[in-house]
Structures are given as structure tokens and as C-alpha cells.
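These are my notebook entries on a structure that I had not examined before. I set down what I looked up, one topic at a time.

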Amino acid sequence: MKDKITGIIKKIFSQREVTVFLIILLVVAITSIIQPKFLNSNNMRSIALSVSVDGLFAIGLTMALILGGIELSVGSVAAMTCVITGYLALQGVNIWVACIASIASGLVVGLFNGFMISKIGLPPFIVTLGMENLARGMAYIITTGSPLSVSGYLPQSFRFFATGSVFGIPVLFIIFIIISAIAFIFMKYSKICRNIYYDMQEYILRRKQ
């Protein structure tokens, strides 16, 4: 029985995720000792919001890396889609319609990148590097290089997703957790994801030959 428990413990601690989690706990503990105010509610909320935004980007980037690709344009494309949303809102377009339009623009960019990589045969590094500059340029063109102030054009229902809380937990962080769980299940248990991975590996091997 003792050997079985020991084996389970060793198996748990052999997981990379557990190691990363323990390192994070150690950093939090040390920071809390150095600065006791680190663990106050306002700071934890700020960290949760920051982690949520970066984490949502990381989910998509993780999928791209697992499939053997790379995505350099994600930051610029995110800026472009946000600018599109803000610009349409300032023009009087319903904020939810503006969001759909910005998501559609991001989808077009993704389809274009995928087409150039899978059909034309260009390296992901080159395609996404070019798209990074193109999307950033589009954002500058739309805004003419000036910030967009949309604070007075956003309904409370929309603000709730960015600043609202449920039982003290930021809504954006809850959304991040839900999407992370869906992405985990998809990548670990979905046959579709495995087929995409195997097809991508076969494609990479063919290109190397």
C-alpha cells in the first residue's frame, strides 16, 4: 500500500504542470513575504484580469505550437480587431454588432494565414510576420494614429464582461477558465485535434523530403 501511494505521488510530481504550479506558489509565497499587500483583493483582481487576457491569447498560440506552427501576428491582429470594434461603436453601430464584425475580421485574417501556409506553402514564420505588420498598419490607418475614446458609447451589459464580477471573481477570469477547460478537453481527448496534428506532422515530413 505504501509503495502504491509513493508511486502515485511520484507520478503526480513528474507532471510538468505540477512543477510549474509549485514554482508559481513559491513565487507568490516569496512575494507575499516581501510585500504583505500583494495578496489583497484589489491586487488579486488586477492579476486575474491580466492573466485572463494573456491566457486567452496563449490558448490559441499553444494550439499553433502543438501543430508545429508559429503565430507572430496575434498581438497586432488583436489590436486591429479592437480598433474595428471601437471605430464602429463611435459611428453609432450597436456594440454587439461591432464585436461580431471585429470577430469576422479576425476570422478572415486567420483564414488568409491558413491559406498561405497550407495551400501556397509559405512558412508560418514569414506569413504571420507579414500579417503582423499589415494588421498593425490597418489599426493605424483606422485610428489615424490617435487613441479612440469609447467610454461613453459602451452599455453596462458590455462593460460587465470586462469589469463585472460574480461572487467576487472577475467575469473575464471565469470566461478564461471555461475556454481553457474546453481547449484542454479538445486538445487531449478530441479525435479531430489528433487527426489535425497527425495530418500536420505528415505535411511537415513531406516538405522536408
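**Entry 1. Salt bridge.** I note at the outset that the model is predicted. I looked for salt bridges and found that the structure holds one. The partners are arginine 136 and glutamate 132, whose closest N and O atoms are 3.1 Å apart. I then asked where the two residues sit along the chain. Both belong to helix H6, which covers residues 124-143, and they are four residues apart there, so about one helical turn separates them. In general, side chains of opposite charge can pair when their charged atoms come close. I also checked the exposure of arginine 136: its relative accessibility is 36%, which is why I record the residue as partly exposed.

**Entry 2. Overall make-up.** I counted the elements next: the protein has nine helices and two strands. Read from the N terminus, their order is α-α-α-α-α-α-α-β-β-α-α. The protein has 209 residues, and 22% of them count as buried.

**Entry 3. The second largest pocket.** I turned to the second largest pocket, which holds about 1000 Å³ of space. Its lining consists of 20 residues, and those closest to the centre are Glu17, Val20, Phe21, Ile24 and Ser180. Which elements give two or more residues to this lining? They are helix H2 (16-34), helix H3 (41-66) and helix H8 (171-189). I sorted the lining residues of this pocket by character and obtained 15 nonpolar, two polar and three charged.

**Entry 4. A nonpolar patch.** On the surface I looked up a nonpolar patch of about 440 Å², made by Leu65, Ile70, Phe125, Ile126 and Leu129. H6 gives the most to this patch, namely three residues. I took phenylalanine 125 as an example and confirmed that it lies in helix H6. Is phenylalanine 125 buried, exposed or partly exposed? I record phenylalanine 125 as partly exposed, because its relative accessible area is 43%. Helix H6 thus appears twice in my notes, with the salt-bridge pair and with the patch.

**Entry 5. The loop between the strands.** I examined the backbone at phenylalanine 167. This residue has a positive phi of about 55°, although it is not a glycine. I located phenylalanine 167 in the loop between strand S1 (165-166) and strand S2 (169-170). Its relative accessibility is 83%, and it therefore counts as exposed.

**Entry 6. Residues apart in sequence.** I looked up two pairs by their C-alpha atoms. How many residues lie between alanine 89 and tyrosine 153 in the numbering, and what separates their C-alpha atoms? They are 64 residues apart along the chain, and their C-alpha atoms are separated by 6.6 Å. Alanine 89 is found in helix H4 (residues 74-90). With a relative accessible area of 4%, under the 20% limit, alanine 89 is therefore buried.

The second pair is methionine 187 and threonine 62, which are 125 residues apart along the chain and have C-alpha atoms separated by 10.0 Å. Methionine 187 lies in helix H8, one of the helices that line the second largest pocket. I record methionine 187 as partly exposed, because its relative accessibility is 26%.

Note on methods:
Residues are numbered from 1 along each chain as its sequence is written. This is a predicted model: local features need pLDDT of at least 70, side-chain atom pairs count only at pLDDT 80 or more; totals for chains, interfaces and linings use all residues. Side-chain values use heavy atoms; hydrogens and water are left out. A salt bridge is a side-chain nitrogen of Lys or Arg within 4 Å of a carboxyl oxygen of Asp or Glu. Buried means under 20% relative accessible area, exposed over 50%, partly exposed in between (1.4 Å probe, protein chains only). On a 1 Å grid over the protein atoms alone, a cavity is a set of points where a 1.4 Å probe fits but cannot get out, and a pocket is an open set with protein on both sides within 12 Å along at least five of seven lines; lining residues have an atom within 4 Å of a point. Grid points are joined across faces, edges and corners, and a volume is the space filled by probe spheres set on the points. Ala, Val, Leu, Ile, Met, Phe, Trp, Tyr, Cys and Pro count as nonpolar, Asp, Glu, Lys and Arg as charged, and the others, Gly among them, as polar. Patches are made of residues with over 30% relative accessible area and no salt bridge: like charges are joined within 9 Å, nonpolar side chains (Val, Leu, Ile, Met, Phe, Trp, Tyr) within 5 Å. Accessible areas come from the Shrake-Rupley method with a 1.4 Å probe; for residues, only the protein chains shown count as cover.
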